[in-house]
Amino acid sequence: MIATEASSSSEITEDSIYQAIADVLDPELDEPLVNLGFIDRVEVTGSDVSITFKLPTYWCAPNFAYLMAADLRKRASSVTGVRNVRVVLLDHCAEDEVTSGVNQGQSFSEAFPGEGSEDEHLEELRRVFLRKGFLMRQDTLLRQMMKLGLDEATIAALRVEDMRVDEPMNAAFVTAGGREYCLERAGRSGSIYQQRRVALGLPHAPGDPLMIDDQGKPLQTGELPQFLRRSRSVRMNIVLNTSLCKGLFQTRYGGSSAPDDDE
Amino acid sequence: MYRTDNGDGVFVIDAHSHLWDASPENQANKYGRGWIDCFYAYHKNLSPPEYVWTLEHYEKYSPDDMVHDQFVKGYVDLAVLQPTYLTDFYKNGFNTIEQNSVMKKAYPDRYILNGAFDPREGEAGLDYLRRQKGEWDIKGVKLYTAEWRGGSKGYKLSDPESYRFLAECVKLGITNIHVHKGPTIYPLNRDAFDVADVDDAASEFTDLNFIVEHCGLPRLEDFCWIATQESNVYAGLAVVLPFIHPRPRYFAEVMANLLFWIGPDKILFGSDYAIWEPKWLIEKFMAFQIPEDLQAEFNVKMDLETRRKILGLNAARLYNIDVDAAGARIKDDSLSKQAVALHSTPGRSTGSHG
């Protein structure tokens with residue numbers, strides 16, 4: 001997210017903060033906190049910003065809560081004119097440690113002493129989930145392509161530039177054999193697929209194969225069933241977790257939660 | 001015993017159940033409150049509305065409630081009691097082997113009593129394990145690798161201390177190691193949901209069975225992978241099965257995956273009572289079919305034989321239970337009589353169509 005341009009602190013609005021934090025993810029669910037409804041409120045007083053967030057249960061993993069809080073603070077701080085950002089976690093077993101640690105700019109291991117190499121471990125975990133987010137979107141794309149009748153050899157031959165995403169339409173378009181195929185309701189999956197691929201440092205330039213595994217190895221003819229079983233089990237796990245977390249959040253706080261992706 | 005519309009009997013072992021006390025009098029601090037509130041959210045979120053209890057009842061139910069919900073109303077023949085200590089949160093513990101033993105004493109033919117260990121307790125912990133074997137002849141233990149204990153934020157099953165305890169289990173003939181790998185159980189600051197440590201321990205201790213409770217959710221796909229590689233790793237369906245109600249399609253995907261990767265012989269039914277009641281879980285499971293597209297993709301099916309294995313026969317094998325003999329012992333007990341009376345009155349719901 002690009003920092004919102006503001007010539008003076010008086011122009012900082014709740015909206016500009018929401019825009020700045022729009023792509024802060026729940027790492028496990030690979031879904032923005034804003035979409036999940038986990039942002040309780042954003043308050044702006046002059047050049048001071050306060051962001052309050054809450055999670056589906058009292059016991060949600062503190063390490064992930066910490067990542068989310070630190071990301072929120074970093075993004076909101078990047079908005080031009082913002083001087084102080086305070087992030088508050090509510091209704092959580094580690095709310096005090098997370099809130100005070102993050103606002104003092106501490107790392108996770110400083111806020112939760114006694115856990116050695118935890119910070120590197122956390123970054124590693126973040127990558128694990130980016131990888132899963134990548135595979136999950138690949139599953140959606142592959143299945144749509146198969147539904148449209150693309151065969152394995154055709155799919156394996158696709159290059160990065162053969163797919164384009166139309167975000168407003170939420171569709172992805174794939175060109176194969178001189179024909180354009182429309183992957184309906186896969187626009188969001190298509191753009192996240194590309195984003196995760198870049199974030200993971202996987203090949204993503206024009207000319208690179210469109211379908212690669214999470215290590216960057218291109219799909220070879222004959223391997224599609226394995227690709228699909230792996231991607232499906234990853235997607236299944238994430239949608240199940242997301243469904244559980246949304247349901248628990250709704251049970252805890254009421255109101256309606258965002259509908260589930262897919263099926 | 002569940003009976004299908006054709007009259008086929010299905011012997012049911014509920015491999016995961018608890019008698020807990022989370023009443024305000026027993027709560028030691030805010031964590032005790034937070035714990036049961038979280039459990040209640042799971043209960044309320046995934047149960048059909050007519051099976052949602054009041055919070056007060058949920059905090060503390062009686063042994064009579066429990067046997068009624070499991071054996072009279074709920075088709076269950078035998079049940080395994082899995083402890084959950086939480087002595088830092090509850091004055092007398094949340095659900096210790098001592099608490100569970102009340103059920104075992106009152107209904108010895110109906111319950112299998114499991115114990116627990118914590119490798120961080122060293123010699124004293126080993127002594128406690130031996131005492132549990134001596135006093136109750138336990139065949140299994142339930143472990144929480146993500147439990148906070150003093151300064152420690154959890155342990156791994158692959159730690160050297162854990163291996164000492166697992167070796168002791170082999171020696172004592174405690175063969176069923178139920179490992180909690182499931183969602184939101186304890187605060188943790190490393191990835192205690194990671195199932196890789198089960199993989200290591202299972203390769204090292206091939207005489208032990210590792211039942212991964214909640215199928216490793218939220219790491220279900222990693223779990224499927226390790227369970228495929230290790231022949232002594234099993235899937236406990238608690239927490240996963242309730243999705244059959246609000247999210248039948250997700251549940252079908254999970255079952256198709258489990259059957260494909262792990263096979264029908266290594267999946268165990270468990271209600272996690274009192275988080276969920278067995279009655280509706282079993283009725284819905286008996287009526288459940290894997291949609292055709294998933295059957296085709298995974299080449300798996302859900303027939304009566306598979307249902308029987310998951311609902312009882314797999315657990316019977318792990319706990320050396322002869323289901324005919326066990327069935328004969330309970331056939332005429334007071335609970336069976338009540339069950340027959342209940343299910344033969346008008347408006348009964350013994351059939352697979354509820």
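Let me start with one residue: Arg164(B) has a relative accessible area of 41%, so Arg164(B) counts as partly exposed. Please keep in mind throughout that this is a predicted model.

Arg164(B) has a salt-bridge partner, Glu123(B), with the closest N and O atoms 2.4 Å apart. Glu123(B) belongs to helix α5 (residues 122–136) of chain B and Arg164(B) to helix α6 (residues 160–172) of chain B, so the bridge ties together parts that lie 41 residues apart in sequence. Glu123(B) is partly exposed as well, because its relative accessible area is 46%.

Now chain B as a whole. Chain B contains 14 helices and 10 strands. What radius of gyration does chain B have, against a compact globule of 354 residues? The value for chain B is 19 Å, and the globule would be near 20 Å, so the two agree. Taken along the principal axes, the box filled by the C-alpha atoms of chain B is roughly 55 × 50 × 40 Å. Of its 354 residues, 63% count as buried. Taking the contacts in chain B with a separation of 6 or more, 77% come from residues 24 or more positions apart.

Next, the interface. Contact between the chains involves 38 residues of chain B and 38 residues of chain A. The two chains bury about 3600 Å² between them, with 60% of that on carbon and sulfur atoms. Across this interface there are 7 salt bridges. In polar contact across the interface, there are 12 residue pairs, both residues being at pLDDT 80 or more. Which elements of chain B give two or more residues to the side that touches chain A? They are α1 (30–46), α8 (220–229), α9 (248–261) and α11 (292–298). The largest share, 10 residues, is from α1(B). Sorted by class, the side of chain B that touches chain A has 21 nonpolar, 5 polar and 12 charged residues.

One of the interface salt bridges joins Glu253(B) to Arg232(A), at 2.9 Å between the closest N and O atoms. Those two residues also appear in a network: through shared salt-bridge partners, Asp139(A), Arg143(A), Arg232(A), Arg235(A), Glu253(B) and Glu297(B) are joined into one. Over all chains, the salt bridges come to 42.

Two salt bridges within chain A are worth listing. In one, the side chains of Arg126(A) and Asp71(A) meet at 2.8 Å, N to O. That pair links distant parts of the chain, with Arg126(A) in helix α6 (residues 118–147) of chain A and Asp71(A) in helix α3 (residues 62–77) of chain A, 55 residues apart. Is each end buried or partly exposed? Arg126(A) is at 23% relative accessibility and therefore counts as partly exposed, whereas Asp71(A) is at 13% and therefore buried. In the other, Glu43(A) meets Arg41(A), at 3.8 Å from N to O. Glu43(A) is partly exposed because its relative accessibility is 38%; for Arg41(A) the figure is 37%, so Arg41(A) is partly exposed too.

Last, a residue in a strand. Ala172(A) sits in strand β7 (residues 171–176) of chain A. Its relative accessibility is 0%, so Ala172(A) counts as buried. What does Ala172(A) touch, leaving aside residues up to four places away in sequence? The neighbours are Met163(A), Arg164(A), Val165(A), Tyr181(A), Cys182(A), Leu183(A), Ala186(A) and Gly187(A). Leu72(A) is 100 residues from Ala172(A) in sequence, and the C-alpha to C-alpha distance is 30 Å.

Terms used. Residues are numbered from 1 along each chain as its sequence is written. Chains are lettered from A and ligands numbered from 1 in the order in which they are written. This is a predicted model: local features need pLDDT of at least 70, side-chain atom pairs count only at pLDDT 80 or more; totals for chains, interfaces and linings use all residues. Side-chain values use heavy atoms; hydrogens and water are left out. Contact means heavy atoms within 4.5 Å. Buried area is the accessible area (1.4 Å probe) that two parts lose on being put together, summed over both. A salt bridge is a side-chain nitrogen of Lys or Arg within 4 Å of a carboxyl oxygen of Asp or Glu. A polar contact is a pair of N or O atoms within 3.5 Å; within protein, one must be able to donate a hydrogen and the other to accept it, and residues adjacent in sequence count only if both atoms are side-chain atoms. Helices (H or I, at least four residues) and strands (E, at least two) are DSSP runs, numbered from the N terminus. Ala, Val, Leu, Ile, Met, Phe, Trp, Tyr, Cys and Pro count as nonpolar, Asp, Glu, Lys and Arg as charged, and the others, Gly among them, as polar. Buried means under 20% relative accessible area, exposed over 50%, partly exposed in between (1.4 Å probe, protein chains only). The radius of gyration is taken over C-alpha atoms; the globule rule is 2.2 Å times the number of residues to the power 0.38.
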